[in-house]
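User: Please go through this model with me, one label at a time. I would like to see how each term follows from the values behind it.

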Amino acid sequence: MADLLDILSDADLAALRGGYDYAVMEGAFTASVISPYGPGGAWVKAQTDHFYAVERTGQVSLAPIDREKCVLAILAPRGGAELAIHIYWGLALGLSVQAVLDIFFLAGTYRGVPAYKTGLDSLAAVLPKLKAAVDAGTPDTRSVLGALLR
């Protein structure tokens, strides 16, 4: 496994952060959760309004970067597309790759080596896709989500 700290440069992270669009993230999140079962919409709206709308409204109960730290730790043992998206989301909001690695390390401390390894494997799969998006000149949220979900 390549050194995960060497895949994205500071300039790459800046490009990803510059291409980040909360409205696209919120729309994708809402569509992916409400579409399969419409009656769950009120529940999803309550979550979005409480934990995610802070990016739109500026009202803070849990800062977005802190929310992503929690979500990464929770999702580390599961891996998959959801973790990939939240790795991107955390990086786009300002987390460093080192911080993501430390979150997975801490998750592994409490959930075991498999949780740590799943987080590492997920990060190892996501970072080259993010690098490719930057190199292709498409670090916008819609393009990045498309790359992560392929």
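Analyst: A helix here is a DSSP run of H or I with at least four residues, numbered from the N terminus. The model is predicted, and in it Glu68 is found in helix H5.

User: Why is Glu68 called buried?

Analyst: The label needs a relative accessible area under 20%, and Glu68 has 0%, so it counts as buried. Leaving aside residues up to four places away in sequence, Glu68 touches Tyr52, His86, Trp89, Gly90 and Leu93.

User: How do you know which class Pro64 belongs to, buried or exposed?

Analyst: Pro64, also found in helix H5, has a relative accessibility of 16%, and because the limit for buried is under 20%, the residue counts as buried. Beyond its neighbours within four places in sequence, Pro64 is in contact with Val54, Glu55 and Leu93. The C-alpha atoms of Pro64 and Gly90 are separated by 8.4 Å, although the two residues are 26 apart along the chain.

User: What makes Ala124 neither buried nor exposed?

Analyst: Ala124, whose place is in helix H8, has a relative accessible area of 22%. Buried would need a value under 20% and exposed a value over 50%, so a residue in between is called partly exposed, and that is the label for Ala124. From Ala124 to Gly146, 22 residues away in sequence, the C-alpha distance is 18 Å.

User: Why are the buried residues of H9 said to line one face?

Analyst: In helix H9, which spans residues 141-149, the buried residues are Thr141, Val144, Leu145, Ala147 and Leu148. Seen down the axis of H9, these residues fall within an arc of 160°, so they line one face of the helix. In general, an α-helix has 3.6 residues a turn, so residues three or four places apart point the same way. On the other side of H9, Arg142 and Leu149 are exposed, while the cover over the buried residues includes helices H1, H2, H6 and H8.

User: What makes H2 oblique to H9, and which residues meet there?

Analyst: H2 and H9 pack at an angle of about 40°, with their axes 9 Å apart. Roughly parallel would need an angle under 35 degrees and roughly perpendicular one from 65 to 115, so an angle of about 40° makes H2 oblique to H9. Val24, Met25 and Ala28 in H2 meet Thr141, Arg142 and Leu145 in H9, and the residues of this contact divide into four nonpolar, one polar and one charged.

User: What makes up the largest nonpolar core, and which helix gives the most to it?

Analyst: A nonpolar core is a set of buried nonpolar residues joined through side-chain atoms within 4.5 Å, and the largest one has 39 residues. Those with the most contacts inside this core are Tyr88, Leu91, Phe104, Leu123, Leu127 and Leu130. H1, H2, H5, H6, H7, H8 and H9 each supply at least two of the core's residues, and H6 gives the most, with eight. Not counting residues up to four places away in sequence, Leu91 touches Leu8, Leu13, Arg17, Ser96, Val97, Val100, Leu127 and Leu130.

User: Why is Val100 counted as buried, and what does it touch?

Analyst: Val100, found in helix H7, has a relative accessibility of 0%, and since buried means under 20%, the residue counts as buried. Leaving aside its neighbours within four places in sequence, Val100 is in contact with Leu72, Leu91, Leu95 and Leu123. Val100 and Glu68 are 32 residues apart in sequence and 9.7 Å apart in space, C-alpha to C-alpha.

Key: Residues numbered from 1 in each chain as written. Predicted model: local features only at pLDDT ≥ 70, side-chain atom pairs only at ≥ 80, totals over all residues. Heavy atoms only, no water. Buried < 20%, exposed > 50% of the residue type's maximum accessible area, 1.4 Å probe, protein only. Arc of directions from axis to C-beta. Contact = heavy atoms within 4.5 Å. Axes fitted to C-alpha atoms, helices over the stretch in contact; angles between N-to-C directions. Parallel < 35°, antiparallel > 145°, perpendicular 65-115°, else oblique. Nonpolar A, V, L, I, M, F, W, Y, C, P; charged D, E, K, R; others polar.
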